[in-house]
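Q: Please take a close look at one part of this chain and its surroundings. I would like the burial, the contacts and the packing explained step by step.

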Amino acid sequence: MEKVLPYIRAGITHLAADIRSSALDMLQWAIECSGSALVSCSGGWVKTIKTILVMQGWPTETSTSAWSTGRVSLGVIGMDGKTTIKSLRVMESLLRAGLEDSLSEEDIQSSTWRWPLTHASQHMISNRSNPYSHLNLFGTPPDEESQSYEDREDRQRVFQRKFQKAIEVGVEAARQEGGEIGRAAAAVQKVIRDGIKDLEACD
């Protein structure tokens with residue numbers, strides 16, 4: 001996935017509308033085939049979200065000062081309504097793959113098993129390849145954009161810190177357009193709300 005994604009991202013920001021549309025179709029297909037692998041690979045989370053924001057003409061920072069006082073842009077110049085709808089739907093799929101909890105049946109059973117052990121799964125050897133990678137004990141200084149976020153909670157925190165405010169402002173403006181664009185934007189809003197509610201509850 002790491003080798004394919006840079007080409008898809010390059011296609012999404014291409015000047016030709018047909019190439020942008022085809023690249024969005026490819027990204028949608030990649031998310032449907034293996035969404036968890038896409039969002040957890042190196043650069044798959046932060047860079048892909050940033051690319052979609054650039055395509056929409058939205059700021060890639062979470063600060064509200066990045067927005068101009070004028071009307072919010074809905075796509076770059078030369079981008080028609082169908083491509084805007086498609087990009088919002090791709091964003092919805094990407095955020096769902098990265099933010100929603102995808103517990104396996106085994107995890108659900110282990111979390112409901114209370115006796116004689118409590119939280120047994122938390123005391124067992126981790127299923128992650130490098131459970132202490134977030135400590136970065138011996139690695140180079142982290143590059144947040146190219147980093148791989150295997151853990152859902154890591155993706156939630158990065159999203160909340162870097163993108164949530166910017167996406168919420170842009171999506172709210174798109175929702176007020178009404179019609180199909182409004183429905184697609186409302187679906188993105190729902191995914192964001194459902195995807196980070198447990199993180200906000202913990203904080």
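A: Cys41 has a relative accessibility of 9% in this predicted model, and it therefore counts as buried, since the limit for that class is under 20%. Cys33 is on the other side of the scale: at a relative accessible area of 51% it is exposed, because exposed means over 50%. A disulfide is a covalent bond between the sulfur atoms of two cysteines. The search of the whole structure returns zero disulfides.

Now for the fold around these residues. The chain is built from eight helices and has zero strands, so its pattern along the sequence reads α-α-α-α-α-α-α-α. Of its 203 residues, 37% are buried. Take the contacts between residues at least 6 apart in sequence: 74% of them join residues at least 24 apart.

The part to look at closely is helix α4, which covers residues 81–99. Two of its partners are α2 and α6.

Start with α2, which spans residues 17–40. The axes of α2 and α4 come within 9 Å and cross at roughly 10°. That angle is under 35 degrees, so α2 counts as roughly parallel to α4. On the α2 side, the contact involves Ser21, Leu24, Asp25, Leu27, Gln28, Ile31, Gly35, Leu38 and Val39. On the α4 side, it involves Thr83, Lys86, Ser87, Arg89, Val90, Ser93, Leu94, Ala97 and Gly98. Sorted by class, the residues of this contact are eight nonpolar, seven polar and three charged.

One residue from that list deserves a separate look. Thr83 sits in helix α4, and at 9% relative accessibility it is buried. Setting aside residues up to four places away in sequence, Thr83 touches Leu24 and Met55. Leu24 is among the α2 residues of the helix contact, while Met55 falls within α3, the helix of residues 46–56.

Next comes α6, which runs over residues 152–162. The axes of α4 and α6 come within 8 Å, and they cross at roughly 130°. This makes α4 oblique to α6, because 130° is neither over 145 nor in the range of 65 to 115 that counts as roughly perpendicular. Here α4 contributes Leu95, Ala97, Gly98 and Leu99, and these meet Arg152, Arg155, Gln156 and Phe159 of α6. The residues of the contact divide into four nonpolar, two polar and two charged. Ala97 and Gly98 also appear in the contact of α4 with α2.

Gln156 of α6 is buried at 3% relative accessibility. Beyond its neighbours within four places in sequence, Gln156 is in contact with Leu99, Gly195, Ile196, Asp198 and Leu199. Leu99 is one of the α4 residues in the helix contact. Gln156 and Lys197 are 41 residues apart in sequence, and their C-alpha atoms are 9.8 Å apart in space.

Phe159, another α6 residue that meets α4, is buried at 0% relative accessibility. It also belongs to an aromatic pair, and the count of such pairs comes to one. A pair of aromatic rings is described by the distance of the centres and the angle of the planes. For Trp45 and Phe159 the ring centres are 6.4 Å apart and the planes are at 50°. The pair is therefore tilted, because stacked needs an angle under 30 degrees and edge-to-face one over 60. Trp45 lies in the loop between α2 and α3, whereas Phe159 lies in α6, so the pair ties together parts that are 114 residues apart in sequence. Trp45 is likewise buried, at 0% relative accessibility.

The last residue of α4 to consider is Glu92. With a relative accessible area of 16%, Glu92 is buried. Apart from neighbours within four places in sequence, Glu92 is in contact with Ala187, Val188 and Val191. These three fall within helix α8, which covers residues 179–202. Ala186 also lies in α8, and at 32% relative accessibility it counts as partly exposed. Ala186 and Gln176 are 10 residues apart in sequence, with 9.5 Å between their C-alpha atoms.

Terms used. Residues numbered from 1 in each chain as written. Predicted model: local features only at pLDDT ≥ 70, side-chain atom pairs only at ≥ 80, totals over all residues. Heavy atoms only, no water. Axes fitted to C-alpha atoms, helices over the stretch in contact; angles between N-to-C directions. Helix = DSSP H or I, 4+ residues; strand = E, 2+ residues; numbered from the N terminus. Contact = heavy atoms within 4.5 Å. Nonpolar A, V, L, I, M, F, W, Y, C, P; charged D, E, K, R; others polar. Disulfide = S-S within 2.5 Å. Buried < 20%, exposed > 50% of the residue type's maximum accessible area, 1.4 Å probe, protein only. Phe/Tyr/Trp six-rings, centres within 6.5 Å; stacked < 30°, edge-to-face > 60°.
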